[in-house]
Amino acid sequence: MTRTEIASLYQSPASFSGKKVTVCGWVRTIRDSKALGFMELNDGSCFKGVQVVFEDKKIDNFKEIAKLNVGAAVTVNGEFVETPQAKQPFELHACEILVEGPSSPEYPLQKKRHSLEYLRTIAHLRPRANTFSAAFRVRSAAAFGIHKFFQERGFIYAHTPILTGSDCEGAGEMFTATTLDLEDPPRGEDGRIDFSQDFFEKHTSLTVSGQLEAECMAMAFGKVYTFGPTFRAEKSYTQRHAAEFWMIEPEVAFNDLEDNMDLAEDFLKYLIRYALEHCMDDLLFLSKRLQEEEKDKKAEERSMELIEKLQFVLNHEFERVTYTEAIDILKNSKQNKNGKFQYPVTGWGVDLQSEHERYLVEKHFKKPVILTGYPKEIKAFYMKQNPDGKTVAAMDVLFPQIGEIIGGSQREEDYNKLVTRMQEVGIPVSSMSWYLDTRRFGSAEHSGFGLGFERLLLFVTGMGNIRDVIPFPRTPKNAEF
């Protein structure tokens, strides 16, 4: 069987005109009269489906097809007919319809509006719904765009381990990976679990980041990037947090903080432009969905129209501001003085919240913002310490409606400073000797950042919950499917 994907029909309809084609897909809608029926078929290759016209006099199993339920899988052989005067640009006149797999009348995705909350309960079927069909196609295109960006610029794709004995972020929110008998684990004299008897003979966890290993690779290849799953055992129920998510982490030798900011801005604009060029039908549908969802909100509470928001990022140079300058802006803002921030900005040293980040982007600068020079106490141990002794060469990229989308820094290349900082925050130097070796043997100025893939997808698709841009989300109390 030579199958033609529906996306191909839309790409060059004239080349199919009057020809026999075979399409396979799932029934979205079906209706019939006594001798004539209409079926909308979608195969997932693009947002749009194709209308199939079937007649009693042309197909032998007309009655069987007319009784099909939504969701049935079929193969259609028929003639491609252009219909420029109709609602759809073309349709398929069937000469044969084969039922690959019938669908029960209880199929939960009927032609009506389902809530996103309900669709999360049927995550195994929701990719067939328009919203998720669009969102996951954007996800696929964006993933390819990530590789394309870095490969075109000579980066090496580094596969970093999922299992690790190191806590990159130092937060301790990691999932333990063990083969020990959980009912009766071996214990030492102190009563604590004896991980020396475990598979790796040490306490091992799922990784929160591939950054430390990527730094090692960058000291050999110059430019590397990782793109893989990461895990955090933070019991957060917010719309922006998941226990399993994907991270993109480039590391570049001989790059300082300015170079790092340039790379981050170029990268984000490239991905947004790539989505607009390759997923416009999906994005237009998601934009319409968002407008419909927010139609009852006050004008000032509505989100920026999706395509406009994406163009907004492309059309503006990112504003580069120090943390100290941002604190002064926030502290003196009417929002803060009038008590409208949930977390008041009291002074230098506070960790900024999403509401503060969004204020800087949406109200004050009215463009994407990159904040630099954070207090070292609120940032990770590996960030380069600035000469003032108080701040580090960190950078966070802030976007409208989402806040922080990228976090990164220039890394501390000085061995002694790095050891001192690790001791200050309580990270055992002995367990990180391999990482410190990169500072002993040919250390070089280098920098990198992390982009949470799902955080980017929330921005690009306009979806409001991270659970809706991951096919099978893993969040507290949710490990189904």
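Here are some exercises with worked solutions on a predicted model.

**Exercise 1. Classify two aromatic pairs**

Work out which geometry the pair Phe80 and Phe90 has, then do likewise for Phe149 and Phe150.

*Solution.* Start with the general idea: a pair of aromatic rings is described by the distance of the centres and the angle of the planes. Rings count as a pair if their centres lie within 6.5 Å. By this rule the model holds 28 aromatic pairs.

Step one: the ring centres of Phe80 and Phe90 are 4.7 Å apart and the planes meet at 35 degrees, so this pair is tilted. Next, place the partners: Phe80 sits in strand 4 (residues 73–82) and Phe90 in strand 5 (residues 90–101), so the pair ties together parts that are 10 residues apart in sequence. Both Phe80 and Phe90 turn out to be buried.

Step two: for Phe149 and Phe150, the centres are 5.1 Å apart and the planes stand at 85 degrees, so we call the pair edge-to-face. Phe149 and Phe150 are buried as well.

Step three: follow the ring pairs outward from there. Phe149 and Phe150 belong to a cluster linked by ring pairs, and among its other members are Phe144, Tyr225, Phe267 and Phe449.

**Exercise 2. Find charges over rings**

Which lysines lie over the faces of Phe459 and Trp348?

*Solution.* Take Phe459 to begin with: Lys309 lies over its face, 4.3 Å from the ring centre. Now turn to Trp348, where Lys390 takes up that role at 4.9 Å from the ring centre.

**Exercise 3. Map the nonpolar cores**

Work out how many residues the largest nonpolar core has, and which element gives the largest share.

*Solution.* Count the members: the largest core has 68 residues, and Leu283, Val397 and Phe399 have the most contacts inside it. Then sort by element: helix 6 (residues 257–278) supplies the largest share, 12 residues.

Zoom in on Val397. Skipping neighbours within four places in sequence, Val397 touches, among others, Ala264, Leu268, Phe318, Val369 and Ile406. Finally, look elsewhere: a second, separate core has 31 residues, including Tyr359, Leu360, Tyr374 and Met383.

**Exercise 4. Check the positive phi angles**

Are Lys366 and Phe481 buried or exposed, or somewhere in between?

*Solution.* Lys366 isn't a glycine, yet its phi is positive, about 55 degrees. Locate Lys366 in the loop between helix 11 (354–365) and strand 12 (369–375). Its relative accessibility is 53%, and exposed means over 50%, so Lys366 counts as exposed.

Phe481 is another non-glycine with a positive phi, about 60 degrees. Phe481 is found in the segment after helix 14 (453–461). At 44% relative accessible area, Phe481 is partly exposed.

**Exercise 5. Place a buried aspartate**

Which side chain makes a polar contact with that of Asp468?

*Solution.* Asp468 also lies in the segment after helix 14. With a relative accessible area of 0%, Asp468 is buried. Its side chain is joined to that of Arg120 by a polar contact of 2.8 Å. Beyond its neighbours within four places in sequence, the residues in contact with Asp468 include Leu116, Arg126, Phe132 and Met463.

**Exercise 6. Trace the pairing of strand 1**

Work out how strand 1 pairs with strand 4 and with strand 2.

*Solution.* Strand 1 (residues 20–32) runs antiparallel to strand 4, with 7 bridges joining them. Along that pairing, Val23 stands opposite Val76. Strand 1 also pairs with strand 2 (residues 36–42), again antiparallel, over 6 bridges. Here Asp32 has Gly37 as its bridge partner. To finish, check the connection: a hairpin of 3 residues joins strand 1 to strand 2.

Notes:
Residues are numbered from 1 along each chain as its sequence is written. This is a predicted model: local features need pLDDT of at least 70, side-chain atom pairs count only at pLDDT 80 or more; totals for chains, interfaces and linings use all residues. Side-chain values use heavy atoms; hydrogens and water are left out. Rings of Phe, Tyr and Trp (its six-membered ring) pair if their centres lie within 6.5 Å; planes under 30 degrees apart count as stacked, over 60 as edge-to-face and the rest as tilted. Helices (H or I, at least four residues) and strands (E, at least two) are DSSP runs, numbered from the N terminus. Buried means under 20% relative accessible area, exposed over 50%, partly exposed in between (1.4 Å probe, protein chains only). A charge sits over a ring if NZ of Lys or CZ of Arg is within 6 Å of the ring centre and within 35 degrees of the ring normal. A nonpolar core is a set of buried Ala, Val, Leu, Ile, Met, Phe, Trp, Tyr and Cys residues joined through side-chain atoms within 4.5 Å. Contact means heavy atoms within 4.5 Å. A polar contact is a pair of N or O atoms within 3.5 Å; within protein, one must be able to donate a hydrogen and the other to accept it, and residues adjacent in sequence count only if both atoms are side-chain atoms. Two strands pair if DSSP finds at least two bridges between them.
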